[in-house]
Amino acid sequence: MSNKTVSIDVQKDLFGANKGAAISNADEFKKHGIHAFDVMGSVGSGKTLFIEALCEKMSGRYKILMVAGDLATRIDADRVASHGIDTVQINTGNACHLDARMVRFALKDVDLSKYELVFIENVGNLICPAGYSLGVEKRIVLLGITEGPYMVRKHPLTIKRADIIVINKIDLAEVLDFDVEALVSDVREVDSDLPVFLVSSKTGQGIDEVVHGLGL
Ligand SMILES: Nc1nc2c(ncn2[C@@H]2O[C@H](COP(=O)(O)OP(=O)(O)OP(=O)(O)O)[C@@H](O)[C@H]2O)c(=O)[nH]1
Ligand SMILES: [Mg+2]
């Protein structure tokens, strides 16, 4: 008779598998000369409108693919597609984030040689996506000022893992009496070198600066 107990570190296992898939995504993007970006942020922070604004600005210069992560719909993919951009929808069911394997699976039948730029909209959530790298060049974390003043202090890990912070909906700062400088200071507390851009995806304010910041 044998009575064995096996302990599995589920987190380690999951993160380990994700890391391998992220490396192979990164290799694939690199092979095709693609700049890929993961756009993360809470529900309603403005991720889709931000991507639409970037696409408007850059579709004349780059061949763009948008990958949309969403639990159940393809609303965001359709919004971006209405600008003439190719899209791939990933419906995650009940998963609160994209992971590298989902992206690899979604792109397996896509001819990546057609694209130069890939924007991945992660599932609307400021917590779960941070743990899963997708193999992108940069992770963009979007903070909408309508989400209140404590997003940075409450999500330090997500901020730490970002390459670029976009403070979005800046056009509403006055009417909301929102202290943008205080939010920027909170970011600086977490990482003093992190680039921060003040943006209105609605008016286009700050989008040129983001394009430059992304090295495009
Ligand atoms: N005033 C203003 N409204 C914005 C801005 N960016 C987004 N919005 C609005 O905020 C709402 C949510 O924007 P979305 O782009 O759908 O946000 P999202 O982060 O993609 O949302 P989910 O995909 O549902 O997580 C929409 O009504 C947008 O028009 C902005 O810079 N200024
Ligand atoms: Mg969206």
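T48 is a buried residue of the predicted model. Its relative accessibility is 5%, so T48 falls under the 20% limit for burial. E121 is buried as well, because its relative accessibility is 4%. Both residues serve the magnesium ion, ligand 2. T48 binds through OG1 and E121 through OE, while D76 supplies an OD atom as a further protein donor. These donors lie 2.0 to 2.2 Å from the ion. Along the chain their spacing reads T-x27-D-x44-E. The pair T48 and E121 ties together distant parts of the chain, 73 residues apart. T48 belongs to helix α2, residues 47–58. E121 belongs to strand β4, residues 117–121.

Ligand 1 is surrounded by 19 residues. The nearest of these are K47, T48, D76, R79 and D171. T48 and D76 thus appear in two settings: they are among the nearest residues to ligand 1, and they are donors to the magnesium ion. Several polar contacts to ligand 1 can be listed. A polar backbone atom of G46 lies 2.9 Å from an oxygen atom of the ligand. The side chain of N168 places an N or O atom 3.1 Å from a nitrogen atom of ligand 1. K169 contributes a polar side-chain atom, 3.1 Å from an oxygen atom of ligand 1. Taken alone, ligand 1 exposes 650 Å², of which the protein buries 74%. Two elements give two or more residues to the surrounding shell, namely α2 and α3, the latter spanning 75–81. The most comes from α2, with three residues. Sorted by class, the shell holds nine polar, seven charged and three nonpolar residues.

The fold as a whole comes next. The protein chain contains nine helices and seven strands. Its radius of gyration is 18 Å, close to the 17 Å given by the globule rule for 216 residues, so the chain is as compact as a globular protein of that length. Along the principal axes, the C-alpha atoms fill a box of roughly 70 × 40 × 30 Å. Of the 216 residues, 48% are buried.

Individual buried positions occur in strands and in a loop. I167 sits in strand β6, residues 164–168. Its relative accessibility is 0%, so I167 counts as buried. From I167 to D76, the C-alpha separation is 20 Å, across 91 residues of chain. D76 is also a donor to the magnesium ion. F197 is found in strand β7, residues 196–198. F197 counts as buried because its relative accessibility is 15%. Between F197 and A26 the sequence separation is 171 residues, and their C-alpha atoms are 25 Å apart. I34 occupies the loop between α1 (10–31) and β1 (35–41). At 7% relative accessibility, I34 is buried too. The C-alpha atoms of I34 and K19 are separated by 19 Å, with their positions 15 residues apart along the chain.

Backbone geometry singles out two loop residues. Most residues other than glycine have a negative phi. K169 has a positive phi of about 70 degrees, although it is not a glycine. K169 lies in the loop between β6 and α7, the helix of residues 173–176. This is the residue whose side chain makes the 3.1 Å contact with an oxygen atom of ligand 1. D177 likewise has a positive phi, near 55 degrees, in a residue other than glycine. The loop that holds D177 runs between α7 and α8 (180–190). D177 counts as exposed, because its relative accessibility is 70%.

Conventions
Residues numbered from 1 in each chain as written. Chains lettered and ligands numbered in written order. Predicted model: local features only at pLDDT ≥ 70, side-chain atom pairs only at ≥ 80, totals over all residues. Heavy atoms only, no water. Donors = N, O, S within 2.8 Å, 3.2 Å for Na, K, Ca; no water. Helix = DSSP H or I, 4+ residues; strand = E, 2+ residues; numbered from the N terminus. Buried < 20%, exposed > 50% of the residue type's maximum accessible area, 1.4 Å probe, protein only. Near = heavy atom within 4 Å. Polar contact = N/O pair within 3.5 Å; in protein donor to acceptor, adjacent residues only side chain to side chain. Areas by Shrake-Rupley, 256 points an atom, 1.4 Å probe, with all protein chains shown as cover. Nonpolar A, V, L, I, M, F, W, Y, C, P; charged D, E, K, R; others polar. Rg over C-alpha atoms; globule rule 2.2 N^0.38 Å.
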